[in-house]
Amino acid sequence: MEQGYSGKAYRWNREKYSSKRRFVDIWSFVLTFMFKIWRYNKEWSYPGGVTEAKRAARRKAQAIWIRNTFLDLGPTFIKVGQLFSTRADIFPTEYVEELSKLQDRVPAFSYEQVEAIIEQELGKKISQLFQSFEPVPLAAASLGQVHKAVLHSGESLVVKVQRPGLKRLFEIDLQILKGIARYFQNHPRWGKGRDWMGIYEECCRILWEEIDYLNEGRNADTFRRNFRSFSWVKVPRVYWRYATSRVITLEYVPGIKVSQYEALEAAGVDRKMIARYGAQAYLHQLLNNGFFHADPHPGNLAVSPDGALIFYDFGMMGRIKANVRESLMETLFGIAQKDGDRVVQSLIGLGAIQPVDDMGPVRRSVQYMLDNFMDKPFESQSVAAISEDLYDIAYNQPFRFPATFTFVMRAFSTLEGVGKGLDPEFNFMEVAQPYAMELMTNNSSLQGNSILNELSRQAVQVSNTALGLPRRLEETLDKLERGDIRMRVRSLETERLLRRQSSIQMGMSYALIISGLTISATILLVNDFIWLAVVLGAIVAGLSVTLIRLISRLDRFDHKY
């Protein structure tokens, strides 16, 4: 077992799975997690008293426990954990950070199993398909493992084989997870404002897509076509004759991992240029293609001997639709103008904010950010810092970051970290600035000179202001309309009538109580319950005094007004 994993055995590392055992294991985790959450909110559970530092330490410990348990539970939960790490609007920052560290490097399965799967999927024995096939895998992950091979024609390639029994494991686990999602959806506390069933459906879709190697092959082909004119980017070619839903064969493109700095130096690679290549490649994916690699960790990025950037593993990809780009443009315009209302509307269009009845607090939060955190030059901003601020604001708020949005932010943050490792002076925003300007310029021409339209709109607004009310009055009215200012209107006559009515109702209530207690005391006295009658009589006397004072205060109130 590799270092860094918990001491439990990998119970899922087998071909056949027991649905009963999986049910017990998964629900044991859920119930333990619920107990930990319950204990977290109990002040008596903190020795020496509760403090924010102790709460933070407990959240961190819980997050590490969740990550280790997901590793023990296997492929389904490793992938679910990676998806949950994109939901900063639901989970605390500590959970998001730990789940984002989930690396699915796991023990390999046997060569005999590899042989059986390849023969079953491709219809021939390994010796008939390949001139040579290395039994020791180059890498093993939760969904499959990769072996190097050589065709009879002499071409070198890699064969990715899916882990045995994976489909059956997904079927069992997802059925159990459906029951868990339904439980949380109906929970009076955790179900409020959460679409757990929607999250479950999204997880199912992504998981089934990722274990379909034919889909991964199509992704690799699309990605390769998108970079066919870029000599400094290499993407392995798919050998479709040797591809099925459980086996995929790709061109062998060796390289040095971007995190192996000494090897890069020894090979004479320009590390600063590689850092810029990584940023430029992603900006091209997002802004020009709308199709991007959603998992750009150092294990999936390498450098060829001639200094080109190599991309591996195309199971998890993201797409950005054209209407999303338009909403992004609106967001850019709103940020440039520090117009909180426009930013909020564009974020609603992006699906990053869930509309609520009162958007005033959300708008004020956005405006506060624009006024206080957007004064730094664009090129000096840090993607990681911006992402952290956004996640802190989003947690338990109406912000609902879609998976695509979070995948983009995570990809940028990862690339920023990779870039700084290659070049300590690397700044992602500095590389992104010309792309952002190009995007704004291209969008303007495509939408009929939208910048000129924007200037015209602003000119009309200014002229209307000049011909109308003074500027400060107009701003005040705008804030009133948005709900950013609350007014309290006081009517003395209405207040007097309401207070008089309230006093009269209170007096009538006292009179009814006194009457009931008087009748009860009389009955008790007639039946020789003298002490009880005396007690009720004393209560009646006290209430009568209170009633007299209330009537006297009401009389003074009438004379005053």
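**Figure 1. The buried residue R163 and its surroundings in the predicted model.** R163 has a relative accessibility of 1%, and because buried means under 20%, this residue counts as buried. Along the chain, R163 belongs to the loop that links β4 (156-162) to α7 (166-186). The side chain of R163 comes to 2.8 Å from the backbone oxygen of A141.

**Figure 2. Strand β4 and its antiparallel partners.** Six of the seven residues of β4 are buried, so the strand is largely enclosed by the rest of the structure. β4 runs antiparallel to β3, to which it is joined by seven bridges. Here V150 is found opposite S156 of β4. β4 also pairs with β6 in the antiparallel sense, over five bridges. In that pairing V158 faces L250, a residue of β6.

**Figure 3. The hairpin formed by β3 and β4.** Five residues lie between the two strands of this hairpin. Within the hairpin, G154 adopts a positive phi near 95 degrees.

**Figure 4. Helix α5 and its buried face.** The 12 residues of α5 (residues 111-122) reach 16 Å from the first C-alpha to the last, close to the 16 Å expected at 1.5 Å a residue. Q113, V114, I117, I118 and L122 are the buried residues of this helix. Seen down the axis of α5, these buried residues fall within an arc of 135 degrees, so they line one face of the helix. In an α-helix there are 3.6 residues a turn, so residues three or four places apart point the same way. On the other side of α5, E112 and Q120 are exposed. Just after the helix, G123 takes a positive phi of about 80 degrees.

**Figure 5. The elements that cover α5.** The cover over the buried residues of α5 includes two elements that follow in the chain, α6 (126-129) and β1 (132-133). Also included are the strands β3 (144-150), β4 and β6 (247-251). Of these, β4 is joined to β3 by seven bridges and to β6 by five.

**Figure 6. The whole chain as context for the close-up views.** The chain contains 21 helices and 11 strands. Of its 561 residues, 43% are buried. Among contacts between residues at least 6 apart in sequence, 67% join residues at least 24 apart. The chain exposes about 30,700 Å², of which carbon and sulfur atoms supply 56%.

Note on methods: Residues numbered from 1 in each chain as written. Predicted model: local features only at pLDDT ≥ 70, side-chain atom pairs only at ≥ 80, totals over all residues. Heavy atoms only, no water. Helix = DSSP H or I, 4+ residues; strand = E, 2+ residues; numbered from the N terminus. Buried < 20%, exposed > 50% of the residue type's maximum accessible area, 1.4 Å probe, protein only. Polar contact = N/O pair within 3.5 Å; in protein donor to acceptor, adjacent residues only side chain to side chain. Expected span 1.5 Å × (residues − 1). Arc of directions from axis to C-beta. Contact = heavy atoms within 4.5 Å. Areas by Shrake-Rupley, 256 points an atom, 1.4 Å probe, with all protein chains shown as cover. Pairing = 2+ DSSP bridges.
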